[in-house]
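Please open the model in your viewer and keep the selection panel at hand. The tour below proceeds by selections, each followed by a description of what is there.

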Amino acid sequence: MDNCIIEIKHLKKNYGSSLGIEDVSFKINKGEIYGFIGPNGSGKSTTIRTILGLINKTSGNVYIKGKEFNKDDIETKKVIGYLPSEINLYDDMTIKEMFDYHELFYGKHFNKRREELVKLLKIDESKKIEDLSLGNQKKVGIVLCLIHEPEILILDEPTSGLDPIMQNVLHEILLKEKEKGTTIIYSSHILNEVSSLCDRVGFIKEGIIIKEDLIDNIMKDSYTYLSISSKDIKQIKKDLGLKVIRESKDEATFINNIDSNTLIKKLAKYNIDRLLIQEISLEDLFINYYK
Ligand code: ADP
Ligand code: MG
């Protein structure tokens, strides 16, 4: 892959005897937005924390900007902005003090960017961290990860705890980042949340990447659950050739991606007792039925 800015090779992390992640590999190009999708407990946060060296990996390699990343490499750390899923801030500071303290790490002030973000996210800098709701703490976290205009953003479930208006504000901020060419890893348990933003998605299940593709390829097929009761079910199964996920004597449920016209024509010749078509979310589809 040309222009690769982050490469993860066979990353594995055990927490003592229990597994965090089994085998995670991906490559991300400069300027790409990578949606990292998986249900709770699938290993998104473990992957991210291991990439950043916040927890020690069991094995595998992480390359950032062409060199193996080491958690003491301050220069590389400065080009990364990280938003953890659970924010842990110093309680007894005001937001203003927190931002000032954070700027010390970079050895400079980011007045213009700071003002811009504080305004967009409607933050009152005089408030104490300990008095903030979870959503407001998240907003502080968003400023902390964006303030230094990093080349790489790593966002772990960034909208959790944010109200819908602030979720939109964040997405608008990220769209601007995308225009600037920032590389983003965006983890979520919901594909729809990232589909309008990202270029590519990886699905993680039980610590393993089970599918990875361009978002356009993933979204172009529309899938439904299709349940049919019929005495002819055997023949119908053969005729449709779809993946069956449940079946009993005269009934079967399929994962369907046949377009409606073709499907109606195909089914017209059978005697059907009951037909049910239901939406299926893409994350359900990939996580439960494709391995
Ligand atoms: P996600 O972020 O996708 O919800 P996590 O990375 O938090 O998933 O968790 C992946 C797996 O690692 C889960 O089985 C979880 O129970 C386990 N795990 C996560 N953190 C710890 C920890 N500190 N100690 C032990 N097990 C952990
Ligand atoms: Mg997590």
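**Aromatic pairs**

Begin by displaying the aromatic side chains of this predicted model, in which there are five aromatic pairs. Select Phe26 and Phe36 and look at how their rings are set: the centres lie 5.6 Å apart and the planes meet at 65°, so the pair counts as edge-to-face, the class for planes over 60 degrees apart. Colouring by secondary structure shows that this pair links distant parts of the chain, since Phe26 belongs to strand E2 and Phe36 to strand E3 (residues 33-37), with their positions 10 residues apart in the numbering. Both Phe26 and Phe36 are buried. Now add Tyr34 to the selection, and the ring pairs will be seen to link Phe26, Tyr34 and Phe36 into a cluster.

**Phe105 and its surroundings**

Next, select Phe105 together with Tyr106, which form an aromatic pair that is likewise edge-to-face, at 4.9 Å from centre to centre and with 85° between the planes. Is Tyr106 buried or exposed? Its relative accessibility is 12%, and because buried means under 20%, Tyr106 counts as buried. Phe105, by contrast, has a relative accessible area of 38% and is therefore partly exposed, the class between 20% and 50%. Keep Phe105 in view and add Lys78, whose charged end sits over the ring of Phe105 at 5.8 Å from the ring centre.

**Ligand 1**

Finally, centre the view on ligand 1 and show the residues around it, which are Tyr15, Ser18, Leu19, Gly20, Pro39, Asn40, Gly41, Ser42, Gly43, Lys44, Ser45 and Thr46. Coloured by class, this shell has three nonpolar residues, eight polar residues and one charged residue. Which side chains should be labelled for their polar atoms beside the ligand's oxygen atoms? Lys44 places a polar side-chain atom 2.8 Å from an oxygen atom of ligand 1, Ser45 has one at 2.9 Å from a ligand oxygen, and for Thr46 the corresponding distance to an oxygen atom of the ligand is 2.5 Å. If you then switch to a surface representation, bear in mind that the protein covers 59% of the 560 Å² of accessible area that ligand 1 has on its own. To place the shell in the fold, select strand E2 (18-29) and helix H1 (44-51), the elements that give two or more residues to the shell around ligand 1. Strand E2 thus appears at two stops of the tour, as it also holds Phe26 of the pair with Phe36.

Terms used. Residues numbered from 1 in each chain as written. Chains lettered and ligands numbered in written order. Predicted model: local features only at pLDDT ≥ 70, side-chain atom pairs only at ≥ 80, totals over all residues. Heavy atoms only, no water. Near = heavy atom within 4 Å. Polar contact = N/O pair within 3.5 Å; in protein donor to acceptor, adjacent residues only side chain to side chain. Areas by Shrake-Rupley, 256 points an atom, 1.4 Å probe, with all protein chains shown as cover. Helix = DSSP H or I, 4+ residues; strand = E, 2+ residues; numbered from the N terminus. Nonpolar A, V, L, I, M, F, W, Y, C, P; charged D, E, K, R; others polar. Phe/Tyr/Trp six-rings, centres within 6.5 Å; stacked < 30°, edge-to-face > 60°. Buried < 20%, exposed > 50% of the residue type's maximum accessible area, 1.4 Å probe, protein only. Lys NZ or Arg CZ within 6 Å of the ring centre and 35° of its normal.
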